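User: I would like to go through some side-chain details of this model. Please reason briefly and finish each reply on the value or name I ask for.

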Amino acid sequence: MSYQNALELNKGPQLGSKSPRGTGSVATDEDHHPALLENQLCVGDFLKIQSAFEPSEPCQTICMSREEFMQRMTEIVGWGTKEEYGEFFDKVDVAQDGFINWDKLTSFMLLALHENDERAKATVVPQWKDFELLPTKHKDIIQKVIFLKSSSRYLTISKEGLLGVWGENLKLQETFPITSDATKLKHLWVTSMVSLENINKIAVAFTSKEICFYDLLSKGEFPCQYKLQGLKGTPICMEYWYDVLDANESILSFGDITGKVQAIVFTMALISLFERPANAHEDEEATVTINWAELLSGYHKCCYILQHNLHHGDWVRQVTYSASLDAIISSTTNNTNTVVLAWREKSKKPLKMTSFNVAEGIHAFDYHSRLNLIATAGINNKVCLWNPYVVSKPVGVLWGHSASVIAVQFFAARKQLFSFSKDKVLRLWDIQHQLSIQRIACSFSKSQDFRCLFHFDEAHGRLFISFNNQLGRLAMKSEAGKRVKSHKKAVTCVLYNSVLKQVCDPSCWFL
């Protein structure tokens, strides 16, 4: 069966673009509010309205009261009732000043058009190219896929310690073992990897209870600069965050098999992650060994430790730091303290903790900062949406999977959510309406027993799904041909409005 035959779509309500006033209308969401006056006004109508606000002197501003606006608009535009123009006036006069001018009216219309555009984006269902298995040299389970913005490359790493370097075109450039100690590799597993993008390094966690930091700027194989040893439990998940406004501030968070969640807060990342020994030279390439006890003691002045043990005894399956919440989020498969939020509270070391209890536990979660929602991939086949400040129950439950959900990830720009279940069904959800808008049931892998990695590269429209040592990709098709066109013929001239920071055509009504 081909990929296209396996694709099933359940589309939600589609937004219209027609207007009862003809093709010149500025309305883009008529189906949402078909009877509203502002959705029926065409460009010619707005030109007439603009003429009513044109002053006789350059420095003068024309303002109209409600009664005056109702009377003049019915006369100038030539259609519509006074009541409709009165309602239109009330929407524009949000501050209830009792008057409006041309600036107020155009600001209202621009905001309305922006909201309509956001609604239209939320209902767009992506179209995908055929599912493609990428040729890899990994022999064991792929543990992580990351994209390096600085070099436009992808990195993959597998359990046996093989690092793959891919070009932006997803052609495998080279592979090499992450450590040169071949003997040690036989007794060593890689559990996770993160990119320290602000300082051009990667961090790799091993079953030897250590985290190693590798330099990406070196030619050839990546040398190990720091080796953090002495951890009490094996780290199995990691995440890294840095402040884009101050790249010195960064946090490496990780969880281990004992249920402990720990974070290293770096305060001078651009200078040095850790204190170097007094006898070490700056140009020395030898690996610096750091002991975890040293970090806990406060010996290293350029970083400090945050930790908690609320998941005691359970494997921490996922961990991340959210800057908008200023909290470390972690999860387990247990139904008690399933998701824990450890709030930093302005860098105070004693963390304040809240938790969600999810029946049967979860496999994974994702957080959307603008929607302020945490999505959880439930072992009980449900995808739940949580407000981080409301721990008693979810604010939404997405039903549709018939098997355990093993991955979730937000499509942030469109306010949508991907979910993937153990029976290899991929769904895309409309968060606002909490509806499944796309379902893809395809034979991604013949194996029934597999470990899955799920990663959506939103910037490039690529969805990566791994099955043990196989790596597959779903690429979004270009949507340029489906975009709404503002003109019937070729555009020959545009103007830039430095106040609104927008590019418009000269005939646009708001100019």
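User: Is Cys224 buried or exposed?
Analyst: In this predicted model, the relative accessibility of Cys224 is 14%. The limit for a buried residue is under 20%. Cys224 therefore counts as buried.

User: How many disulfides does the whole structure have?
Analyst: A disulfide needs two cysteine sulfur atoms within 2.5 Å. For Cys224, the nearest cysteine sulfur belongs to Cys212 and is 4.3 Å away, and Cys224 is in no disulfide. The search over the whole structure gives a count of zero.

User: Why is the sulfur of Cys303 not in a bond with that of Cys302?
Analyst: Cys303 is a buried residue, at 6% relative accessible area. Its closest cysteine sulfur is in Cys302, and the separation is too far for a bond because it comes to 4.8 Å.

User: What kind of aromatic pair do Phe420 and Phe454 form?
Analyst: A pair of rings is described by the distance of the centres and the angle of the planes. The model has 24 aromatic pairs by this rule. For Phe420 and Phe454 the centres are 6.1 Å apart and the planes differ by 25°. Planes under 30 degrees apart count as stacked, so the pair is stacked.

User: How many residues apart in sequence are the parts that Phe420 and Phe454 tie together?
Analyst: Phe420 is buried at 0% relative accessible area, and Phe454 is buried at 13%. Phe420 belongs to strand β27 (residues 416-421), while Phe454 belongs to strand β30 (residues 452-457). The pair therefore ties together parts whose separation in sequence, in residues, is 34.

User: Which residues do ring pairs link into a cluster with Phe420 and Phe454?
Analyst: Phe420 and Phe454 are themselves a ring pair. The cluster that holds them also contains Trp128, Phe411, Phe418, Phe450, Phe456 and Phe467.

User: Over the face of which residue does Lys159 lie?
Analyst: A charge over a ring has to be within 6 Å of the ring centre. Lys104 has its charged end over the ring of Phe99, at 4.5 Å from the centre. Lys159 is 3.6 Å from a ring centre, and the ring is that of Trp189.

User: Which residue offers the backbone oxygen that the side chain of Thr136 reaches?
Analyst: Thr136 is in the loop between β4 (132-134) and β5 (142-148), and it is partly exposed at 24% relative accessible area. Outside its neighbours within four places in sequence, Thr136 is in contact with Trp166, Asn469 and Leu471. The side chain of Thr136 comes to 3.3 Å from the backbone oxygen of Asn469.

Definitions and conventions:
Residues numbered from 1 in each chain as written. Predicted model: local features only at pLDDT ≥ 70, side-chain atom pairs only at ≥ 80, totals over all residues. Heavy atoms only, no water. Buried < 20%, exposed > 50% of the residue type's maximum accessible area, 1.4 Å probe, protein only. Phe/Tyr/Trp six-rings, centres within 6.5 Å; stacked < 30°, edge-to-face > 60°. Helix = DSSP H or I, 4+ residues; strand = E, 2+ residues; numbered from the N terminus. Lys NZ or Arg CZ within 6 Å of the ring centre and 35° of its normal. Contact = heavy atoms within 4.5 Å. Polar contact = N/O pair within 3.5 Å; in protein donor to acceptor, adjacent residues only side chain to side chain.
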